[in-house]
Structure formats: structure tokens, C-alpha cells
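This report walks a new reader through a few parts of one protein model. Please keep the sequence and the structure at hand while reading.

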Amino acid sequence: MAVGDMSKKPPSAGGDTTRPASTVVRTLSGLSDDGPMPRSSNNVSWDTGLLSSLNSNIGGIKPGGRADSVDFLSPLKKDVALLRGLLFDVVRAQVSAETMEKLEIISKLSSEFHVEADDTTFTTIAGTIGNLSEEELQLVASLFSSMSNVANIAEYVHRIRRRRSYERGEGAMLTHTSVDEVLRDLVKKGHTPEEIHAVLKSQTVEMVLTAHPTQAVRRSLLSKLHHIADILLDLHDKALTPNERDDLIIGLGAHLRSLWRTDEVRRTKPTPTDEARNILQVIEHTVWDAVPVFVRDTNKALQRHKAEVLPLDARLFLFSSWAGGDRDGNPFVTPQVTREVVAINRYRAAVLYLSEIEHLLFDMSVHYGSDELKAYNAALQKPDDAKTKSAGAEKANLKYKEFWNHVPPTEPYRVLLSHMRDRMAATRDHCEAQLSGASPPTTSAEPFTEASELLEPLMVMYRSLVDQGDDLLSGPITDLIARVHAFGLTLVKLDIRQEGEQHTQAMSAITEYVGLGSYADWDEDKRMDYLTSLLSSKRPLIPREFVPESGAAADVLDTFEVIAGMGREALGAYVVSMCFTPSDVLLVAFLQREYATSADFKPLRVVPLLETIGALQSCSTTLSTLFAHPWYRQYLSDHFDNVQEVMVGYSDSGKDGGRLTSAWELYKAQESMVAIAEKHGVCLRFFHGRGGTVGRGGGPQHLAILSQPPKTINGYLRVTIQGEVMEQDFGLAGLAIRTLETYTTAVLKADLTSEVSVKSEWRAVMDKLSTASYNHYRRIVHEEPRFVEYFRFATPEQELGLLNIGSRPQKRKAGGVETLRAIPWIFAWTQTRLHLPVWLGLGTALAGSNADEMATIRTMYKEWPFFKSFFDLIEMVLAKADAQTSAYYDKELVPEELRPFGAELRELLCGVITTVLETTGARQLLDKDPVQKRAINTRREWTLPLNLVQVEALRRKRELLNKGDTVPTALVDALVISMKGISSALQNTG
């Protein structure tokens, strides 16, 4: 079967029509971007009335100033050259002169190929790498992987510096998503400061950090890369003496040496608790400080635009996690793991809060306060109200840094803060005992159990400062209040996720035990009737003596028992993956109630995850049935203020029917669900399960948010932040603040910007494109007999488990491509530079459009944010593709009889580039996004040798295994490091 028809000769992305089609995707011109910036760490509170008195000293972003003080490209090139020179010096000291010469030759050839793209150079590099020993292959992989990582860091630093330059009025930006700029734009469009303030103060973005295995770089290496970033910033942004500059260069060399001497290969898989700790590290490293800084900056921007500052209880951001709670397909996430992770979260939060309280205790030396503060302190000493004994009464106070033996009673803030310190220390000690399996310790104070208990004394102190005219001193207090609202007592709330079928099997174990037969065998009507009768009755179903025979069923039911003992302070949502029917939702609501420990138990909200094309298409039936169900409507009203959250999945729907169909079905499903919710008077909120790559819904978020259907944001956005995206968004302080800003301004604009009316002819065109794309995608992936065999030969899919980057298995169950998780599915195709899941079907659909339809498609691109966002993201992926590299995988790894199939796929790749450029009107890929071009080109010359090492390592490994021989460790390491390096070089890999 022919894969597709190529009737048009694809243009070169560089404009040279004489170039072979196989090189189309690599030909890009180098450019650059702008991004986040680090901010001052000074604690200043900008409350109402305060900023106006300081206006002469406080400005804002100063657009349109002098010529760029930080050039678009040259400083980045200099940084990369500096890092390359220092790293090569490190390597030169570690290897023989002969080996170093080979490394230098490969680097020189790769650099030349990056500029000239000559096929002879490609062949020479491949031949040179093919003649290396296993140990030399490992060295090449390590060197170019390290260069990819440091080039990434240099590019991040460059974005930060460009942004800082812009804020000083010394340059221009290509993206305009800062709070200052967006507020200015909204005011120009007629929105009043009062309207903007009202919308902003009530909006919330909840970021859910997941343990999805797409971050290939070890945290040990990330830490060293962050140190390198700090030094690069200092080298550029400080007035240095010669000695200081020398010290920084020496430090740079030291960190690069440490980077080189650190094993890149994870020798064991991380456990779920390891993943949970890694997520907490992200929060602690940058986000903990970024949140109050961003709130302060936002308040300053609001004041500059004549709007009120945010109220102290505004919650612009919340943070949640799936690490330790996501048991979908992961047998290693057990009820005990969930219990431990919640304790870890509480412990790490207590340590951070304790440090902040101790700093405040030292700084707040004010010796007078309001009557409210004095009365509050006096009440703490009364036996009935006291949560702690008097300060200094216990020898345990010896562990404190400040005021361990005496707190002056004439200093009311310190008196109250010492009380808070005792309670937070007790919170930490109780969590530590739980983690070590010890009995709860005897402490002189009660632990904090709810965030409101921590907020109460903070608000008392804040009001006292305002009452006494000391607003200017309230900065550290308001910073801590902002943190409590964002992080609670656990830093992140833990979601629970489980596959719907697992609940069904657990319920079957119960119904069989009580003599009702198998719940799994019942149809939907019988399940709904039975669950309704159970929920309408107050009698428990499960006998006390019941013990499931199945370990899986026991695990599911034990999880509900653990949830009942934790409550909503530590936990977030209960997400039902592979949710297809209303009974999947009701069953979880029932099991939560069945295991409730008290009548006033507060259940977790049940969130159906719609992640396949079929589930998205049947969402109307699912929600209509639930919202018309009397018990469920009362349940929503009683516990969740008539709010229903629905999670939409981008991964499995894309794997199921291709990216175009997935995007369109997601759009239509959200429209449909909004209409149903409005009809029933329910407030609908969406949780977007986006991955790192475009194939899983990833990509630049500002545009993605603004391209959502009307009425789907409404001041609330919940979104997953996965794998390598966490590093890109939060790895450096400047990046973290910029990320918070990007999400905030996008949600604000989404709620205040006029809706784009989707014309009927646009819908007709989308339906036709989607059908054509879906049919072609399914014909190739699910019906073509050669596909699975080709996929297994041409990609490192079978070897991805060697990466040890996640605790869960690659598949939910045994089977073919349909059982493969979306992450390894995307990851494998990304490694070979074909990126097939992202574009397959699109080119065929576009090529089948007539002239009138193509004219409509171009209009849709110009006028419809959803359509523009889709194509801009596809264009970004196509710019990272490389047909020539993909062909080399086939040449070396794929049996001869399957190679024509691979060639047909690459012809489709070239065809989709042609049609995408025709749609967007661009001459080259990423012509309209020079920032992304610069980022890709910064890493491009380091990527090709990694691909060639990977091909050689795969070839040798498979040959050895076919002979029954042992695979050398150095060869396996070369393969693993190449996969990590390509992942880092291409970004958005999972």
C-alpha cells in the first residue's frame, strides 16, 4: 500500500529549490528570543496608598528606548563558544590526544554541516562515528549531550538578559506578555482599571506538576547547570573587577568539570517517592520565592495603571502534584506510598515555613502594636486557648537559631512569631516521626493542621502594622501570606488518579462477595440504577469482614481508606482516567462515601478524564446524564458549590487519531460541555492534561490559552506541567517569574478579549480536514501491516526503558502500539527526528483541499486563534525534524524490505512542510518566530552526532543480541546518553 501521494516538490526551508527533499527540514536561519528575568529579592509590600507616595521613584517597563543593549544573537554565541572552549579543555585533560583529535574532528564537521548541510559531510561524520570503539562512542555521546545541556542553559540566560534589557528601556521584545504591557493594551481597548482589577483578583491558575517520565537529565546535572547559569548572569550583568571575573571563569570551569565527571546515566529507576521529592525540589528552588515576587510586581503594575492592588486573599496560583498519587498503570504507587508522599510534602513545607518564621522573628523588632495584636497574644497564654507553652520554657528551644531562651514581652510581633515557630516546629517533628515510623513526639506545641491556622496570626500582624501606620514594614508578612495561599501546608496538593476499569473490577469483587454477581458484566443502565440506590441509602455496602482476593482490587479499596484519613487539606482531585460513562464518576463518589470516617467527611472532587476520541465525542451524554441525576446534582451543590471539573487529555486522543483530529475534537467537546453545563446551571472548569511535545498538547502556553473555545477559561485554568517542561518553566528564577506572568496575562486576556465567532464554513472545513486526517492516520498506524514492525526497527522504542526516567511501566498492559503509553510513543519518534505523530494525516488532509477551501484555510489562520495556534505549533515541530537523519536510521537499522515504507513516510513529511508553509504564508519554517529559530539553531550543531551515535549503538546492540552475545556496558551507556542528549537538544520531547 502506498503511504501517500507527493505531487508537489517541497520547497527548501531556506528557499533553495535545488536542495534534495531529505534536507528540507534542517534548513533554518539562526535567530533568537526573549524571555524571563530574575527580580530583586527585597521584600516590599505595595498596599493601597503606599505606591502613590513613592511614584517618583518607581517606574515600570520602559518600552521604546535605546538600541538593544543586549544583541539578539551575538552574546548568546559568545557564551556558547566560551562554554564549548572550557568544556573541551576539561575533556582534553581526561582523554588521550588521539581520542581528543577524533572528538575535535567530529565537532568541526558537525559545525560545518550545520552551516552548509552538505551530504558528503554527513557521510563523513557517520563514517567517523561508525569506526569508533564502544568507549569512544560513549565519549562522543557524553560530550555532545553536555554541550546540548549547556547550550540550553546559555539560551535561557540570554532570554533573561534580553528581558531585563527590555525592562530597562534598552531594547525591544518580540513577545509582549508582561503584566505591564497587557494592562496597557487592555486599557487602550477600553477596559477600565476597575474591570481589570475585578477580573484579575478572582482568577486562579493551578499548575499540576506530574511525574511523567520526560525529564531525561538527572537532577544532579541540573543543579550544576543552574550554577553555570548563575555565573553567566554574573559575567554579563555585574561591574566586575579583573579578579572577580577570573574567579567566575574558574568557577565556570569547575562546574563544567563536575558536570563532565558526573555519571549521566541513571543506574536505577526512580521510585514514586523519588519523583515526589524531585517535584518539591522544583518548588523549593525557584517557585517558593517567585510567587511573592510576582505578586508584588503585579501590584506595582496595577497601581501604575490606576487600579487597586490585589487583596491579600487573592490566589493567582495554586500548585498540585501527581507524584505519589497517580496510580494509573503504575503498580508502584501504593496506598502506603501515597501516605508517605503526603507526609513528605507536609515536612518539606514545614521546613520552609519555619525558616521564613525565624527570619521574621529576627527582623520584626517593632516594640509596639495594635490592641488586636496585644489581645491576641494575651489569649495565647490562657490555658483554654494556648497552643504552646511560654517561649523559652522548654530545652527543646535550644535548637532554634534566634531567641531560643527569651523573647522580650514588650515586642509583640516577636511574641506571636515565637508561638508560630513552636507550632511549625511541632508540625515538622510530627511529620518526621511519621516518615521514620516512630510514635508521634511529645512537643510543647500543637502542630498546624489547616492553612487557616497559619494565616490567622499573619493577618493579625499585618492589620497591626497597617493600624500603626507601618505599612512599609509589612512586606515580609504579605509575602508569607501569599505563600500560604499558594502552597498551603503541603506545598502541593496531591491528586489521586486511577483508571476507571480498576474501580469497576474492585466493585465487582464487592458485588460478587455479597452475592449480586459481577458488576463488570452489567450494562450502563443497571450500573447507574444500582449506584443510585446505594447513594440514596445511608446503609454501608461492604461487610467488615470483606477482604478482596485480588491484590489490585485491594489496592484500589485501600486507597479510598487512605483518602478518607487525609482530607482535602493535603489532597486535590480524584481523576478517573479512561472515563467513558457516567457510572465511572458515580462509582468513585460512592466508594469515597463508603470509606468515609465521619458524617462530615469532605470528599475529593471527582474529575472525569476524557482522553480518547470516543470519550470526547460521547462527553455530551456523560455530562448530561450526570447533571440530570438528582443525587449527583445535590452532591455538587453540597460539596463543590455547583462546580464540575473535567480533564481533557491531549495524549491518548492524539495517539488515537492524530494531532489534527485530536485538537478539533477537544475544541468541539469543550464547546459542547460548556453548553450542557450552562443549561443545567453548573459551573464547568477544565483541567488540561498537556504534555511537553506538541503531539501531547504542549508548546508555548500563552497562545494555547488564548486559542481555547469561548467560555472555557472563566478565570480558572488547571494544567499539567510535565517532565522537561518543569525545567524550562521553573529551572531558573527568571524563568519561573516569567512563566507565572505568561499564564496570568493569558488567562486575563482570555476573559477580557472579545470572542472570535467561528463561522459555519470554518467548521465545515475543519470537519473535512479532520475526517481526512483521521482516516489517513488510522490507515497508517492501525491498519498498515508494515507499521508496527517498522516502528520497532526504526526507533529506539524497545530501548527507552534503559533511560530509567520514570517509575511507571511504558505500557498499561501487554499488546501493540495501542497499549503503548503516549510518552514513549512520542519520545521514540522524536529521537529519530521524524516526529511522525505530530503531523501524520495533516498533509494529506490539506493536499485534498480545493482552491476555495485553501483560501478559507488561509483566512482561518489569520483570524481564528485556535487554528493559528495549531499551525504555529506544528511548524515548530517540523523545524526540528530532519528527514536525512531519519533516513540514516532506516539505512542502518531497518530491514531492506521495510525501507520503502520509511521513504514513503519521509515523502509525507516533506509534503506536509509544503502545505503548512502554503497555509501560513511563510517562506521558511519559523519565519514568524525568530525566537524559536534562535533556540533551535543554538543546539542544532550538537544534535547530529548524537543521532549518529545512537544509530551506531542500536545497530551494534541489536547485532550482539541476535547472536546471543553480551552487550558491553559502554555501548549501553552510549545509547542511553545519546537518547538523553537528543531529548535535551530538541526540547518538548514528552
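Which residue in S7 is the bridge partner of Met647? The model is a predicted one, and in it the partner of Met647 in S7 is Phe687.

**A strand and its partners**

Strand S6 covers residues 643–649, and it is paired with strand S7, residues 683–689, through seven bridges in the parallel sense. Strand S5, residues 605–610, also runs parallel to S6 and is joined to S6 by two bridges. Met647 has a part in this pairing too, since Met647 is the bridge partner in S6 of Leu609.

In a regular strand the side chains alternate between the two faces of the sheet. In S6, Val643, Glu645, Met647 and Gly649 point one way, while Gln644, Val646 and Val648 point the other way, and all are buried. Because seven of the seven residues of S6 are buried, the strand is largely enclosed by the rest of the structure.

**Salt bridges**

Side chains of opposite charge can pair when their charged atoms come close. In this model the count comes to 51 salt bridges, and three of them are set out below with the distance between the N and O atoms.

| Salt bridge | N to O distance |
|---|---|
| Arg428 and Asp429 | 3.1 Å |
| Glu678 and Lys711 | 3.5 Å |
| Glu853 and Lys768 | 2.9 Å |

In the salt bridge between Arg428 and Asp429, Arg428 counts as buried because its relative accessibility is 17%, which is under 20%, whereas Asp429, at 21% relative accessibility, counts as partly exposed.

The salt bridge between Glu678 and Lys711 links distant parts of the chain, with Glu678 in helix H24 (residues 659–680) and Lys711 in the loop between helix H25 (701–706) and strand S8 (716–722), 33 residues apart. Glu678 is partly exposed, with a relative accessible area of 49%, and Lys711 counts as partly exposed at 43% relative accessibility.

The side chains of Glu853 and Lys768 meet in a salt bridge, and this pair too links distant parts of the chain, Glu853 being in helix H33 (residues 851–863) and Lys768 in helix H28 (residues 760–783), 85 residues apart. Glu853 is buried, with a relative accessible area of 18%, while Lys768 counts as partly exposed at 40% relative accessibility.

Salt bridges also form a network, which links Glu134, Lys891, Glu892, Glu952, Arg955, Arg956 and Glu959.

**Nonpolar cores and a buried glutamine**

The largest nonpolar core has 150 residues, and those with the most contacts inside it are Met207, Phe319, Phe487, Met507 and Met673. Helix H10 (residues 272–304) gives the largest share of this core, with 13 residues. When neighbours within four places in sequence are left aside, Met507 is in contact with Tyr519, Tyr530, Leu531, Leu534, Leu541, Leu587 and Phe590. Apart from the largest core lies another core, of 132 residues, and Leu769, Phe787, Leu898 and Val916 are among them.

Is Gln950 buried or exposed? At 0% relative accessibility, Gln950, which is found in helix H37 (residues 930–963), counts as buried. Not counting residues up to four places away in sequence, Gln950 touches Pro796, Gln831, Tyr889, Leu975, Ser978, Met979 and Ile982.

Notes. Residues numbered from 1 in each chain as written. Predicted model: local features only at pLDDT ≥ 70, side-chain atom pairs only at ≥ 80, totals over all residues. Heavy atoms only, no water. Buried < 20%, exposed > 50% of the residue type's maximum accessible area, 1.4 Å probe, protein only. Helix = DSSP H or I, 4+ residues; strand = E, 2+ residues; numbered from the N terminus. Pairing = 2+ DSSP bridges. Salt bridge = Lys/Arg side-chain N within 4 Å of Asp/Glu carboxyl O. Core = buried A, V, L, I, M, F, W, Y, C linked by side-chain atoms within 4.5 Å. Contact = heavy atoms within 4.5 Å.
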